[in-house]
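With the structure open in a viewer, follow the stops below in order, making each selection before reading what is there. The tour goes from strands to loops and ends inside the protein.

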Amino acid sequence: MMLVAAMICGCFACDDEFLERYPQTSVAVPTFFKSVSDLQLYVNGLYSVTPKYYDPGSDNVTFARDVEPYSGMLYGRLTPDNVSGWDWAFLRNVNLMLNNLDEVSGEATEINHYVGIARYLRARFYIEKVQTYSNVPWYDKELTTTDEDLYKTQDPRAFVVDKIMEDLEFAVVNIKPDMGNRTRVHKYVALAELSRFALYEGTYRKYHTELELTGTANRFLERAVSASEEIMNSGNFELTGIGTEELAPGITGSAGFRALFSSATLDGNREIIQWCEYGLSPYRKDHSACFLTAASTIIYSLNRSLQESFLTKDGKPFSTVADYDKKEYKDVFTDRDPRMAETFVWPGLGNEDAIKGITPLAVPPRVGGYMQSKYFTPKGGSLKSTDNTWQATSLPVFRYGEVLLNYAEAKAELGQLDATAVGKSINLLRARVNMPAFNASVEVDATLRSLYPGVSDVNILAVRRERRVELAGEGLRQQDIYRWKAGKLYEAEISQQGIYTPSLPYAYDTNSDGIPDQGVAETASKHTDDPAVAWYDIDAADIEIYRDASGFIRIKNDQTRKFDEPKCYYTPIPKGQIVLNPNLKQPPGW
């Protein structure tokens, strides 16, 4: 199931009084739709689900604990008997409004603005359904318990996607461009969704040849380009916070990039197309802080594969560095793309600059990999929870940087990524962090080729690497893997490897003060006598880790990943739903 596209932005308050006054099943609801203000009130009540921004379902992480449905899928435990989902209640609420507009009075532009938002939300609902099941039944009316269409079979993916595109195109034309503080749905939100989904569907059709839709892929890729260009040419958005800063000797960061993910508010940030203002504990389950705040809740760490995706500061692959695969924790950050230090906890971020509420530098040996810093606020920041143990930040829902990457990738897939296209997309992202200009022939190494063995075009490969680096942790990576038909990335050894250790016992310096402070040992009897080292014993672990033959820490229960194609690209329909409607067919492979 796709993370980001599955979630409807919850930046808006739900009007509970309205929903209680007009229950979802009440036949009296249509009598309410008389004015534009009625539409506004009802649409406000449709914003109800919060976005999730983390990567537990991608190849950027090692799994320390089960994260469903991803763990169940990869470890073979997910079945139609135990899966959840297939909920259509939200769709009925949207269609209820869209089917009862005859008596609404007001200016056509005002009416169509709210109709556009409703159709945008319906499109998002169906995007999640297509990405989860492929073929699904299309409903554009509210169903009753006696409606025969409740028992119809799925409509073909191509038909449903065309309907999604119709809704998005209507939304783009009719939703007003007024952005306010950019927490509301406006015209450019619909365009950003169109940019994202058109790229998704175009590449999905191109690489998933089993769908027999490859001949229609370019139509979607071309729309991804034009939707992105409309945003780019609007003059309303720009990359912010240009420039870098030295965080420690040899380690460079970017305050502008960091501010996108560590701020109490994103109001006024011109890179933001839409953002969500986060409260504290009510949204803890949907924030990266949930998984990275305490030992008892740690679910994942960032892995070697993501770490090696970041180029060196001179624009070369990390594999060009001597003994790159023998670099210890304190050394991998030296002279790298500044975005790396804004994604990973770098040595020295502890102690005086520690991330609030966690012991970040004790985490790498415990779950094998690297600690994530993206989405956290450094100690002394303005965000603090009531129990003083973690900090939540406001989140970008759509940002200009992603649109530039959508544009560049669609151009590359169409064979049109020339110097002009690069200059107004990827090179802008590079310039923000003082990285050299895009040069695919230099940036594509054997490691990158091994990740995507079916792709030979260096522009496509290099754009994929850039996308992974820029958007790490933003919930889009799993979606990317699925549309590229690259599920075997989950099985890759490099995706399961964490930090390098030259031997065990291993004590290392995490705060760059020259004194080892964290250690990994086979047993307590293997500890050194240095009192400054906090030891982690493999034999005492509730999450068992080990050192593999290459020297990398790995998690024992993460050794059995298996990605069955095409089965794992889809989620099964719950068995109970098939019993209720025997006309439903399971997705491919199920």
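A residue is called buried here when its relative accessible area is under 20%, exposed when that area is over 50%, and partly exposed in between. Please keep in mind throughout that this is a predicted model.

**Stop one: C276 and its strand**

Select C276 to begin. Because its relative accessible area is 1%, under the 20% limit, C276 counts as buried. Now extend the selection to strand β4 (residues 272-276) and add β6, and you will have an antiparallel pair joined by four bridges. Within this pair, C276 stands opposite L395 of β6. How many of the residues of strand β6 (residues 395-399) are buried? Colouring β6 by accessibility gives the reply, since five of its five residues are buried and the strand is mostly covered.

Another cysteine to select is C568, which is buried because its relative accessibility of 2% is under 20%. If you are looking for sulfur pairs, a search of the whole structure finds zero disulfides.

**Stop two: the sheet β7-β8-β9**

Next, hide everything except three strands, which form an open sheet in the order β7-β8-β9 with mixed pairing. The edges of this sheet are β7 (506-508) and β9 (534-537), each of which pairs on one side only. Looking along the sheet, you will find neighbouring strands turned against each other by 20° on average, with direction ignored.

Strands of a sheet pair through backbone hydrogen bonds, either parallel or antiparallel. In which sense do β7 and β8 pair? Here β7 and strand β8 (residues 518-521) are antiparallel, and their pairing runs over three bridges. To locate the register, select Y508, which stands opposite Q518 in β8, and then Y506, whose bridge partner in β8 is V520.

Turning to the other neighbour, β8 and β9 pair in the parallel sense over four bridges. A useful pair to display on this side is G519 with W535, its bridge partner in β9.

Now keep β8 alone and show its side chains. In a regular strand the side chains alternate between the two faces of the sheet. In β8, Q518 and V520 lie on one side and G519 and A521 on the other, and as all of these are buried, both faces of the strand are covered.

**Stop three: the cis peptide bonds**

From the sheet, move to P505, in the loop between α21 (493-496) and β7. The peptide bond that joins L504 and P505 is cis, with omega of about 0°.

Then select P566, which belongs to the loop between β11 (553-555) and α22 (575-580). The bond joining E565 to P566 is likewise a cis peptide bond, and its omega is about 0°.

**Stop four: positive phi outside glycine**

The next selection is D335, found in the loop between α11 (304-307) and α12 (338-341). Although D335 is not a glycine, its phi is positive, at about 55°. D335 counts as partly exposed because its relative accessible area of 33% falls between 20% and 50%.

Go on to K485, placed in the loop between α20 (477-483) and α21. K485, again not a glycine, has a positive phi of about 55°. With a relative accessible area of 29%, K485 is partly exposed.

**Stop five: Q131 and Y200**

Select Q131 in helix α5 (residues 108-133). Is Q131 buried or exposed? Its relative accessibility is 2%, so Q131 counts as buried. Add Y200 and draw a distance between the two C-alpha atoms, which are separated by 9.3 Å although the residues are 69 apart along the chain.

**Stop six: the largest cavity**

Finally, turn to the interior spaces. Rolling a probe the size of a water molecule over the atoms shows where empty space is left. A search of the whole structure finds seven cavities of 30 Å³ or more, and the largest has a volume of about 140 Å³.

To centre the view on the largest cavity, select E308, S309, D445, T447 and L448, which lie nearest its centre among the 17 residues of its lining. Then show α18 (446-451) and α19 (458-470), each of which supplies at least two lining residues; the largest share, three residues, comes from α18. Colouring the lining by residue class divides it into eight nonpolar, four polar and five charged residues.

Notes:
Residues numbered from 1 in each chain as written. Predicted model: local features only at pLDDT ≥ 70, side-chain atom pairs only at ≥ 80, totals over all residues. Heavy atoms only, no water. 1 Å grid on protein atoms, 1.4 Å probe; cavity = no way out; pocket = protein on both sides within 12 Å on 5 of 7 lines; lining within 4 Å. Points joined across faces, edges and corners; volume = space filled by probe spheres on them. Nonpolar A, V, L, I, M, F, W, Y, C, P; charged D, E, K, R; others polar. Disulfide = S-S within 2.5 Å. Buried < 20%, exposed > 50% of the residue type's maximum accessible area, 1.4 Å probe, protein only. Pairing = 2+ DSSP bridges. Axes fitted to C-alpha atoms, helices over the stretch in contact; angles between N-to-C directions.
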